[in-house]
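Colleague: Could we go through this structure together? I should like to begin with its internal space.

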Amino acid sequence: MNDPSKTNQELFAENALLKQRIQELEKSDTEHNWAENALRESEEKYRLIAENTADLISILDMNLRFTYVSPASMSLRGFTVEEAMEQTLEQVLTPESMRLGLTVFEKEMQLEASGTADPDRTRILELEEYKKDGSIIWMEVNFSFLRDKDRKSVEILMVSRDITKRKREEEKRRFEERLQRADKMEAIGTLPGGIALDW
């Protein structure tokens with residue numbers, strides 16, 4: 001009920017303020033809904049990327065436990081996401097690759113502690129990983145730190161790509177080069193009079 005002591009002008013002003021406040025609330029609600037929708041769409045886009053890329057995307061906490069593994073785990077290593085999430089790094093990496101990975105991680109943590117390192121740096125390692133069937137594949141692992149709002153490292157992001165075919169081709173090429181050198185050395189040893197030519 002209206003206060004009879006207020007003039008029409010005062011009531012009109014109050015009504016205008018009330019309408020303005022309602023519009024502000026509606027605008028705020030609209031902006032909030034827009035922000036929620038934008039966040040939901042962004043999360044969906046990144047989920048689709050992670051689920052449909054051929055590379056294996058993994059996130060580890062700072063205790064080196066998996067907090068996320070993308071579905072590419074199944075096609076690359078034969079493990080379901082659930083199985084991969086329960087694995088330790090020792091179950092994923094061969095002993096030599098585990099030593100290399102831990103050495104690099106320790107150096108990176110020392111850089112973090114120094115406060116002088118580039119926070120956007122990445123490291124690329126070539127590591128051997130076990131598949132579910134017991135075989136071993138080579139993975140090129142690109143890793144970097146995920147950071148909180150204060151730029152403190154809170155997780156490790158790893159994007160891994162199968163490079164087994166490339167590594168086998170490199171190994172085959174090195175073997176062929178060694179074989180050619182051995183053939184040349186054998187040929188030099190059989191030259192008449194022991195004359196060595198500059199090959």
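Modeller: A definition comes first: helices and strands here are DSSP runs, numbered from the N terminus. Please also bear in mind that this is a predicted model.

Colleague: How many cavities of 30 Å³ or more are there?

Modeller: The count comes to one cavity of that volume or more. The largest cavity holds about 320 Å³ of space.

Colleague: Which residues lie nearest the centre of the largest cavity?

Modeller: Those are Leu60, Leu89, Leu93, Leu127 and Met158, out of 24 residues that line the largest cavity.

Colleague: And which elements give two or more residues to that lining?

Modeller: Two helices, H4 (89–92) and H5 (95–114), do so together with strands S1 (56–61), S2 (66–69), S3 (123–130), S4 (136–147) and S5 (153–162). The largest share, four residues, comes from H5.

Colleague: What is the make-up of the lining by class?

Modeller: The lining of the largest cavity has 18 nonpolar residues, along with four polar and two charged ones.

Colleague: Changing topic, where is Met62 placed?

Modeller: Met62 sits in the loop between S1 and S2.

Colleague: Why does Met62 count as partly exposed?

Modeller: Because its relative accessibility is 24%, and partly exposed covers values between the 20% and 50% cut-offs.

Colleague: What does Met62 contact, leaving aside its neighbours within four places in sequence?

Modeller: Met62 is in contact with Phe105, Met109, Phe145, Ser153, Val154, Glu155 and Ile156.

Colleague: And how far apart in space are Met62 and Glu24?

Modeller: Their C-alpha atoms are 44 Å apart, with a separation of 38 residues in sequence.

Methods
Residues are numbered from 1 along each chain as its sequence is written. This is a predicted model: local features need pLDDT of at least 70, side-chain atom pairs count only at pLDDT 80 or more; totals for chains, interfaces and linings use all residues. Side-chain values use heavy atoms; hydrogens and water are left out. On a 1 Å grid over the protein atoms alone, a cavity is a set of points where a 1.4 Å probe fits but cannot get out, and a pocket is an open set with protein on both sides within 12 Å along at least five of seven lines; lining residues have an atom within 4 Å of a point. Grid points are joined across faces, edges and corners, and a volume is the space filled by probe spheres set on the points. Ala, Val, Leu, Ile, Met, Phe, Trp, Tyr, Cys and Pro count as nonpolar, Asp, Glu, Lys and Arg as charged, and the others, Gly among them, as polar. Buried means under 20% relative accessible area, exposed over 50%, partly exposed in between (1.4 Å probe, protein chains only). Contact means heavy atoms within 4.5 Å.
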